[in-house]
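Trainee: I would like a close look at a single part of this protein, the aromatic rings and whatever sits around them. Please also place that part within the rest of the chain.

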Amino acid sequence: MAMRQTPLTCSGHTRPVVDLAFSGITPYGYFLISACKGAGQHLPRLSGQRYGKPMLRQGDTGDWIGTFLGHKGAVWGATLNKDATKAATAAADFTAKVWDAVSGDELMTLAHKHIVKTVDFTQDSNYLLTGGQDKLLRIYDLNKPEAEPKEISGHTSGIKKALWCSEDKQILSADDKTVRLWDHATMTEVKSLNFNMSVSSMEYIPEGEILVITYGRSIAFHSAVSLDPIKSFEAPATINSASLHPEKEFLVAGGEDFKLYKYDYNSGEELESYKGHFGPIHCVRFSPDGELYASGSEDGTLRLWQTVVGKTYGLWKCVLPEEDSGEVAKPKIGFPETTEEELEEIASENSDCIYSSTPDVKA
């Protein structure tokens, strides 16, 4: 009998979660940042409560760490640097912001001429790449905040995603129906891909230099170095986001039908599909160790899912048959000072374990 997937549901956002990103693995574990288009329910008394509040969490458990306060508009993009010491956010208030991810303090505000949709750090965290509705890529030297950014033009519609690649020697960027590859040194376009429908997401996998692109029902894999095609899958519904497992074993995707799909990357076989949210899924990403993946939805929640159901990991505890009166093994969520009977009730109530916290200040 297949074991049921029991996700952790991270509450806090009440508006659509439109972006999420994991840090690398640090001495303190790994971390997760999320961006949403509106206020969280935990901030009813603060002015500007209708605005987006990026949130920082412990990556393997979903534990809330802090909320970054300062934007005056919807937050469309969020990212962490490799060691989770800095965060960056992109917003509809025509700014990108850089934050101290340890203290929660705002380090700098980078003014733009239109809505900012995407942000990405170089590996050494010295530069920040941004893109948005003004169709320009900007590169900021974070050690010289007063200096004007370098600008790259060439996109013909608003930029949805921009990522460093090839050890920061190149840049990948996507607008409505085009993905472009740029040379960082010369600031010129190397190659482009054109699609007949809107590109919904883009993920870069450094190990193997793989680019994951979603558009319509398609999940396409290309070489990040040449943009040459590798393979593609077709999903049963429109896909908004997809992520490739770090070991390239699995692929997960989510979209307009509220479902999450898991595929074998090598064979293309659909391994699992289940309703993951109560609204369209906007973003999905594997953790850096590949043990779980996170999804963000129109329903205002983040959910964490096990890659291999039944493993003991984070808040999931696997109960073996002999420990469970001979019943089929099933995953349980372990909380301190919670009885097994209470855990059964939590897990069976609606197949979700609600992990709720009530933060009220920034990190």
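Mentor: What follows starts with the whole chain, moves to the aromatic rings, and then goes through the charged and polar side chains.

The model is predicted. Its secondary structure consists of one helix and 31 strands. Of the 363 residues in the protein, 56% are buried. Among contacts with a separation of 6 or more, 44% are between residues 24 or more positions apart.

Now the rings. A pair of aromatic rings is described by the distance of the centres and the angle of the planes. The count for this structure is nine aromatic pairs. One of them is formed by Phe221 and Tyr265, whose ring centres are 4.9 Å apart with the planes at 70°, so this pair is edge-to-face. The two residues come from distant parts of the chain, 44 residues apart. Phe221 belongs to strand 20 (residues 218-223), while Tyr265 is in the loop between strand 24 (259-264) and strand 25 (270-275). Phe221 has a relative accessibility of 0% and therefore counts as buried. Tyr265, at 7%, counts as buried too. A second pair is Tyr261 with Tyr263: the centres are 6.4 Å apart and the planes are at 20°, so these rings are stacked. The cut-off for pairing is 6.5 Å between centres, and planes under 30 degrees apart count as stacked. Tyr261 and Tyr263 are both buried. These four residues, together with Phe233, form one aromatic cluster.

A charge also belongs to this picture. Lys231 has its charged end over the ring of Tyr265, 4.1 Å from the ring centre. Elsewhere, Lys117 lies over the face of Trp76, 4.8 Å from the centre of that ring.

From charges over rings, the next step is charges that meet other charges. There are 11 salt bridges in the structure. One of them joins the side chains of Lys161 and Asp19, with 3.7 Å from N to O. Lys161 lies in strand 14 (residues 161-165) and Asp19 in strand 2 (residues 17-22), so the bridge ties together parts that are 142 residues apart in sequence. Both Lys161 and Asp19 are buried.

Another salt bridge is between Glu106 and Lys97, at 3.2 Å from N to O. Its two ends do not have the same label for exposure. Glu106, with a relative accessible area of 34%, is partly exposed, whereas Lys97, at 7% relative accessibility, counts as buried. Lys97 is part of strand 8 (residues 95-100). Its side chain also makes a polar contact of 2.8 Å with the side chain of Thr109. Apart from residues up to four places away in sequence, Lys97 touches Gly70, His71, Ala87, Ala88, Thr89, Glu106, Met108 and Thr109. Both of its side-chain partners just named, Glu106 and Thr109, are in that list.

A further salt bridge connects Glu291 and Lys311, where the closest N and O atoms are 3.0 Å apart. Here both residues are in loops: Glu291 in the one between strand 26 (281-286) and strand 27 (292-297), and Lys311 in the one between strand 28 (302-306) and strand 29 (316-319). The pair therefore ties together parts that are 20 residues apart in sequence. Lys311 is partly exposed, with a relative accessible area of 35%. There is also a network of salt bridges, which links Asp134, Arg138 and Glu151.

Loops can hold buried polar residues as well, and Thr26 is an example. Thr26 is in the loop between strand 2 and strand 3 (31-36), and at 11% relative accessibility it counts as buried. The side chain of Thr26 reaches the backbone nitrogen of Tyr28 at 3.0 Å and the backbone oxygen of Gly29 at 2.6 Å. Beyond its neighbours within four places in sequence, Thr26 is in contact with Phe31, Lys82, Asp83 and Ala84. Of these, Lys82 is 56 residues away from Thr26 in sequence, yet the C-alpha atoms of the two are 8.2 Å apart in space.

That leaves the cysteines. A disulfide is a covalent bond between the sulfur atoms of two cysteines. A search of the whole structure finds zero disulfides. Cys10 is buried, with a relative accessible area of 1%, and Cys165, at 2%, also counts as buried.

Notes:
Residues are numbered from 1 along each chain as its sequence is written. This is a predicted model: local features need pLDDT of at least 70, side-chain atom pairs count only at pLDDT 80 or more; totals for chains, interfaces and linings use all residues. Side-chain values use heavy atoms; hydrogens and water are left out. Rings of Phe, Tyr and Trp (its six-membered ring) pair if their centres lie within 6.5 Å; planes under 30 degrees apart count as stacked, over 60 as edge-to-face and the rest as tilted. Helices (H or I, at least four residues) and strands (E, at least two) are DSSP runs, numbered from the N terminus. Buried means under 20% relative accessible area, exposed over 50%, partly exposed in between (1.4 Å probe, protein chains only). A charge sits over a ring if NZ of Lys or CZ of Arg is within 6 Å of the ring centre and within 35 degrees of the ring normal. A polar contact is a pair of N or O atoms within 3.5 Å; within protein, one must be able to donate a hydrogen and the other to accept it, and residues adjacent in sequence count only if both atoms are side-chain atoms. Contact means heavy atoms within 4.5 Å. A disulfide is a pair of cysteine sulfur atoms within 2.5 Å. A salt bridge is a side-chain nitrogen of Lys or Arg within 4 Å of a carboxyl oxygen of Asp or Glu.
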